[in-house]
Amino acid sequence: MNILEIEHCTVCYKNGTPAVSDVTFAVREREIVSIVGESGSGKTTLIRAILGLLPPGGRVTAGKIVFNGTDLVTADDRTLRDIRGRSIAMIFQDVGSSLDPIRRVGAQYREAVCVHEDLTKKGFLAKAHDMLTRMHLSDPDRVMDAYPFELSGGMKQRVGIAMGMTTAPRLLLADEPTSALDVTIQAQVVSQMKELRDRYGASMILVTHNMGVASYLSDRIGVMKNSRMVEFGTRDDIILRPRDPYTVSLLEAVPKLGGKMYAGN
Ligand SMILES: Nc1ncnc2c1ncn2[C@@H]1O[C@H](COP(=O)(O)OP(=O)(O)O)[C@@H](O)[C@H]1O
Ligand SMILES: [Mg+2]
């Protein structure tokens, strides 16, 4: 059963050249789909369009984005607000830097989570602690008490990812959430995202530069180039039997693929 269906979707900014051209794919319940492709190919535009969070000037000019039966392109603001956060959560590339530097992490975390969920203070703290620990923030109390300016960039990013995952959304959209983290932490955070799917049955769309991450995490992979999705298929199709020359060139650029990353899954 599909939770999200993107049909012939085109997105333009003011200059009129499509940043996303005629893209079609679907995400099933409990499925992790990765979107890979070079910088500027339209990945961020595509996942921002899903939630109606395009930057000013950006607009879906054709196609449908159907979530659980509702077309998000034509949905009114109230419906979109309701779906945002409660059913679909988005983790931005720089989510860590969107924390207010002069308010304590705990207060911001609570605010973000409790907008969507009725939780007692105790219930909230238990959930937040659990999620921060899963993100390998070893002293959750200290993190919750800290001001963001007291934390490193990598710690803030992990707090942001934890916040996005705490509401256990049905669909999580993540735009290069781990790119800024160092490699060991990246692997741990990525495996937590997989666990979120296993525990809550969340579906996920993950934008990543890293073919190794895509290979480890995904059920299916979409490859974007110049605003188009040139290939979409199962992980094995894309990694072992790529059809598009561009996919082949992406895979050739990853020396270890076919070795440790893939076999490890
Ligand atoms: N806010 C914006 N205004 C105008 N053009 C944009 C904006 N954001 C992105 N673009 C253009 O849209 C295209 C796709 O960009 P983007 O979605 O950011 O790609 P990616 O995430 O794959 O790097 C690029 O040509 C980029 O220049
Ligand atoms: Mg991007």
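**A guided tour from the ligand to the domain interface**

Begin by selecting ligand 1 together with glycine 40: in this predicted model, an oxygen atom of the ligand lies 2.6 Å from a polar backbone atom of glycine 40. Next, add serine 41, where a polar backbone atom is 3.2 Å from an oxygen atom of ligand 1. Then display the side chain of lysine 43, which places a polar atom 2.8 Å from an oxygen atom of the ligand.

To see the wider surroundings of ligand 1, select Tyr13, Ala19, Glu38, Ser39, Gly40, Ser41, Gly42, Lys43, Thr44, Thr45 and Pro55, the residues around it.

Now turn to the domains. Colour residues 2-87 and 170-263 as domain 1, and residues 100-168 as domain 2, following the domain assignment of the protein. The C-alpha centres of these two domains are 25 Å apart.

Which residues meet where the domains touch? Select the interface: 16 residues of domain 1 are in contact with 14 residues of domain 2. The two domains bury about 1300 Å² between them, and 63% of this area is on carbon and sulfur atoms.

Two salt bridges are found across the interface of domain 1 and domain 2. Select glutamate 195 and arginine 134 to view a salt bridge whose closest N and O atoms are 2.5 Å apart. Finally, select helix H7, residues 183-200: this helix supplies nine residues, the largest share of the side of domain 1 that touches domain 2. That side comprises eight nonpolar, three polar and five charged residues.

Conventions: Residues are numbered from 1 along each chain as its sequence is written. Chains are lettered from A and ligands numbered from 1 in the order in which they are written. This is a predicted model: local features need pLDDT of at least 70, side-chain atom pairs count only at pLDDT 80 or more; totals for chains, interfaces and linings use all residues. Side-chain values use heavy atoms; hydrogens and water are left out. Domain bounds come from an automatic or database domain assignment. Contact means heavy atoms within 4.5 Å. Buried area is the accessible area (1.4 Å probe) that two parts lose on being put together, summed over both. A salt bridge is a side-chain nitrogen of Lys or Arg within 4 Å of a carboxyl oxygen of Asp or Glu. Helices (H or I, at least four residues) and strands (E, at least two) are DSSP runs, numbered from the N terminus. Ala, Val, Leu, Ile, Met, Phe, Trp, Tyr, Cys and Pro count as nonpolar, Asp, Glu, Lys and Arg as charged, and the others, Gly among them, as polar. A residue is near a molecule or strand if one of its heavy atoms lies within 4 Å of it. A polar contact is a pair of N or O atoms within 3.5 Å; within protein, one must be able to donate a hydrogen and the other to accept it, and residues adjacent in sequence count only if both atoms are side-chain atoms.
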